[in-house]
Amino acid sequence: MNRFVFPLFFLVSMTAFAQESIEGTWYRNDLFAGATLTVGKDLHFEIDAQNTAHTGEIDGSLEKISDGIYFTKIEDYGEKCVIVFQLDGEDLKVILYGDQVGAGFTVYFGGTYERHEFTDEESRQQALAYILSGAYDSAAVERLLGKDIDLFILSFEAVGSTATHDPFLENAYEGFLPGAALDDFGIFAVGGKYIYILFQDERGSTTVYQYYTNDPARSALPATFASWLSGHDDHPIVKHLPG
């Protein structure tokens with residue numbers, strides 16, 4: 001039996017230390033800041049990135065430093081940078097030194113890239129966890145909003161707390177989509193087991209506000225929402241009430 005020990009050990013060792021190829025497509029699944037990296041067999045690469053409503057792209061040719069480590073130098077638009085690409089297990093680390101050449105406002109190219117791209121549902125859950133931040137159950141919000149869940153998420157890619165003017169509300173939060181000229185924005189508040197949500201909707205021929213709540217006792221907008229609306233354009237309000 002001993003004669004099989006060395007070949008088996010050798011095979012396992014070779015597999016364990018084998019480097020995955022850098023070629024192919026990689027995805028950065030950062031919240032609201034996704035990116036796609038493609039690397040060809042000739043080591044030409046392209047990165048298309050976004051952050052909220054801003055986008056950017058960069059491309060160039062990689063040079064190999066050693067197994068699993070590559071770099072490139074790019075100079076354009078009066079800016080320059082060095083980018084290092086390093087395989088790290090199943091991931092690819094992209095580290096940029098210098099300017100974000102070709103990037104829009106707040107867009108960046110560095111980060112951890114994976115072979116797996118988040119599905120729409122994975123991205124949705126990641127976004128809801130950030131927006132709600134434990135203030136309310138995300139599954140309940142999904143059930144309440146139904147087909148409008150993605151517009152709600154779009155309207156709160158930047159979110160922060162705001163003052164409340166109702167004794168039954170514990171917390172209120174307003175949000176908007178950075179870089180979208182305030183076309184997508186809204187407010188939501190939590191009071192006990194109930195949630196109240198309002199956001200602008202420009203998908204139809206007429207701009208409206210969509211208002212959702214699961215509170216059966218309150219069909220009127222909270223005073224907090226009325227105060228918030230006083231600082232925005234006047235549009236019809238479409239109410240979605242329980243029952």
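**View 1. Strands β5 and β6 pair up in the antiparallel sense, over three bridges.** Keep in mind that this is a predicted model. To find your way along the β5-β6 pair, look for E63, which sits opposite F71 in β6. Strand β6 covers residues 69-76.

**View 2. Zooming out a little, five strands make an open sheet in the order β5-β6-β7-β8-β9.** The pairing here is antiparallel. At the edges you'll find β5 (63-66) and β9 (111-113), each of which pairs on one side only. Going from one strand to the next, the twist averages 25 degrees.

**View 3. Another open sheet has four strands, ordered β1-β2-β3-β4.** Its pairing is antiparallel as well. The edge positions go to β1 (24-28) and β4 (54-61); each has a single partner strand, so one side of each has no neighbour in the sheet. On average, and ignoring direction, neighbouring strands are turned by 10 degrees against each other.

**View 4. The β2-β3 hairpin has four residues between its strands.** In the turn, L43 takes a positive phi of about 65 degrees. The two strands are antiparallel and joined by five bridges. A handy landmark is T36, which stands opposite D48 in β3.

**View 5. Strands β3 and β4 form a hairpin with two residues between them.** T52, in this turn, has a positive phi of about 55 degrees. Eight bridges hold together the antiparallel β3-β4 pair. Two places to check the register: A49 has G56 of β4 as its bridge partner, and F45 is partnered with G60 of β4.

**View 6. Which side chains of β3 are buried?** F45, I47, A49 and N51 are, and they point to one face. H44, E46, D48 and Q50 point to the other face and are not buried. That's the pattern to expect, because side chains in a regular strand alternate between the two faces of the sheet.

**View 7. The largest nonpolar core brings together 24 residues.** Those with the most contacts inside this core are L37, F45, I47, I58, I83, F85 and L92. Two or more residues come from each of β2 (35-39), β3 (44-51), β6, β7 (79-88) and β8 (91-98). Strand β7 gives the most, with four residues.

**View 8. What does I58 touch, leaving aside its neighbours within four places in sequence?** Its contacts are F45, E46, I47, I74, C81, I83, V101 and F109. Elsewhere, a second, separate core holds 22 residues, including F32, L132, Y173 and I195.

**View 9. Helix α2 runs from residue 120 to residue 132 and has the length you'd expect.** At 1.5 Å a residue, its 13 residues should span 18 Å, and its end C-alpha atoms are indeed 18 Å apart. The buried residues of α2 are R124, A127, L128, I131 and L132. They cover an arc of only 110 degrees around the axis, which means they lie on the same side of α2. What do these buried residues of α2 pack against? Their partners are α3 (138-145), α4 (149-154), β10 (158-162) and β12 (185-191). Just after α2 comes S133, with a positive phi of about 45 degrees.

Note on methods: Residues numbered from 1 in each chain as written. Predicted model: local features only at pLDDT ≥ 70, side-chain atom pairs only at ≥ 80, totals over all residues. Heavy atoms only, no water. Expected span 1.5 Å × (residues − 1). Buried < 20%, exposed > 50% of the residue type's maximum accessible area, 1.4 Å probe, protein only. Arc of directions from axis to C-beta. Contact = heavy atoms within 4.5 Å. Pairing = 2+ DSSP bridges. Axes fitted to C-alpha atoms, helices over the stretch in contact; angles between N-to-C directions. Core = buried A, V, L, I, M, F, W, Y, C linked by side-chain atoms within 4.5 Å.
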